[in-house]
Amino acid sequence: MKIADVPALADLAHRHGAQLLVDNTFASPYLFNPLAHGTDYCIHSATKYIAGHGDVMAGIVVTSAANRRKLYEMNKLVGSVLGPFEAWLAMRGLKTLPLRVRQQCANGARIAEWLTTQARIAHVNYPGLPAHPQHALARRLSGERGFGGMLSFEIADADRLSVFRFMEALELCQPATTLGDIYTLVLHPATSSHSGLSEAERAKVGIREGLVRLSAGIEEAADIIADLAQALAHIG
């Protein structure tokens, strides 16, 4: 949950004759437009917030007309043309993007605030919290629209099995190795998104065994919080 200073990175890249590519999947186009801040290519996993319902696999590259011509020539060689049904699903989901992300941002903020009050939680990573070291940067880049639906939290003194017990006890939230869905999703980074790193490498970047990533859905925030509370009770 670190925030990249995209305008500064774009300036640095361009001063050295390089182009900047930004994966904007976590923020979505609703919260941030990298091209308006100097980025040359903006990449989205449309499977996530853009399609929004966990039922399509797609990717998008957004760029200038000049760069698009270069990509088009490459695309003729390597393929990667999205199927018509998958394109329709992504377009259907895109119609409700602002509504969904507004609710996910509101839920993410409420969940993060609640987690900070829980004795069983050692640490919460959410850029919307004033205590987040990059809170001011996140506020500047998001244009006051919100801080996203993504957050992570560390269960105090929890090992891998404790986290698994917590995830198995969830009734509303769903364990899944994706994000940006209408449902609230959780995963264990140490055994999924960051499983390719050694234990020492994970520790260096703050991915400990007790860390859980959460993608807030559009359910009632009180229901999500109640589910997290009862699941935490299962691990003592």
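Strand β1, residues 21–23, and strand β2, residues 41–45, run parallel and are joined by three bridges. I should say at once that this is a predicted model. Within that pairing, Leu-21 stands opposite Tyr-41 of β2.

Strand β2 also has a partner in strand β3, residues 59–63. Here the two strands run antiparallel, with five bridges between them. One of the pairs to look for is Ser-45 with its bridge partner in β3, Gly-59.

I turn next to strand β5, which covers residues 150–155. Which strands does β5 pair with? On one hand there is β4, which runs antiparallel to β5 and is joined to it by four bridges. On the other there is β8, also antiparallel to β5, with five bridges. Phe-153 of β5 appears in both pairings: Val-124 stands opposite Phe-153, and Phe-153 in turn stands opposite Val-212 in β8.

Is β5 buried or exposed? Six of its six residues are buried, so the strand is largely enclosed by the rest of the structure. The side chains point in two directions: Met-150, Ser-152 and Glu-154 one way, and Leu-151, Phe-153 and Ile-155 the other. Both sets are buried.

This brings us to the largest nonpolar core, which has 28 residues. Those touching the most other members are Ile-111, Phe-153, Ile-155, Phe-166 and Leu-228. Two or more residues of this core come from each of α5 (97–115), β4 (121–125), β5 (150–155), α7 (160–169), β8 (211–215) and α9 (221–233). Helix α9 gives the largest share, five residues. As general background, nonpolar side chains in soluble globular proteins tend to be buried together.

To see the core from a single position, please find Ile-111. What does Ile-111 contact, leaving aside its neighbours within four places in sequence? The residues in question are Leu-151, Leu-214, Ala-216, Ile-224, Ile-225 and Leu-228. Of these, Leu-228 is another of the residues that touch the most other core members.

Finally, let us move to the surface. Met-74, Leu-77 and Val-78 form a nonpolar patch there, and together they have about 370 Å² of accessible area. Val-78 belongs to helix α3, residues 65–78. Why does Val-78 count as exposed? Its relative accessibility is 60%, and the cut-off for exposed is over 50%. The nonpolar residues of this patch lie on the surface, whereas Leu-151, Phe-153 and Ile-155 of β5 are buried.

How values were computed: Residues numbered from 1 in each chain as written. Predicted model: local features only at pLDDT ≥ 70, side-chain atom pairs only at ≥ 80, totals over all residues. Heavy atoms only, no water. Core = buried A, V, L, I, M, F, W, Y, C linked by side-chain atoms within 4.5 Å. Buried < 20%, exposed > 50% of the residue type's maximum accessible area, 1.4 Å probe, protein only. Contact = heavy atoms within 4.5 Å. Patch = residues over 30% accessible without salt bridge, like charges linked within 9 Å, V, L, I, M, F, W, Y side chains within 5 Å. Areas by Shrake-Rupley, 256 points an atom, 1.4 Å probe, with all protein chains shown as cover. Salt bridge = Lys/Arg side-chain N within 4 Å of Asp/Glu carboxyl O. Pairing = 2+ DSSP bridges.
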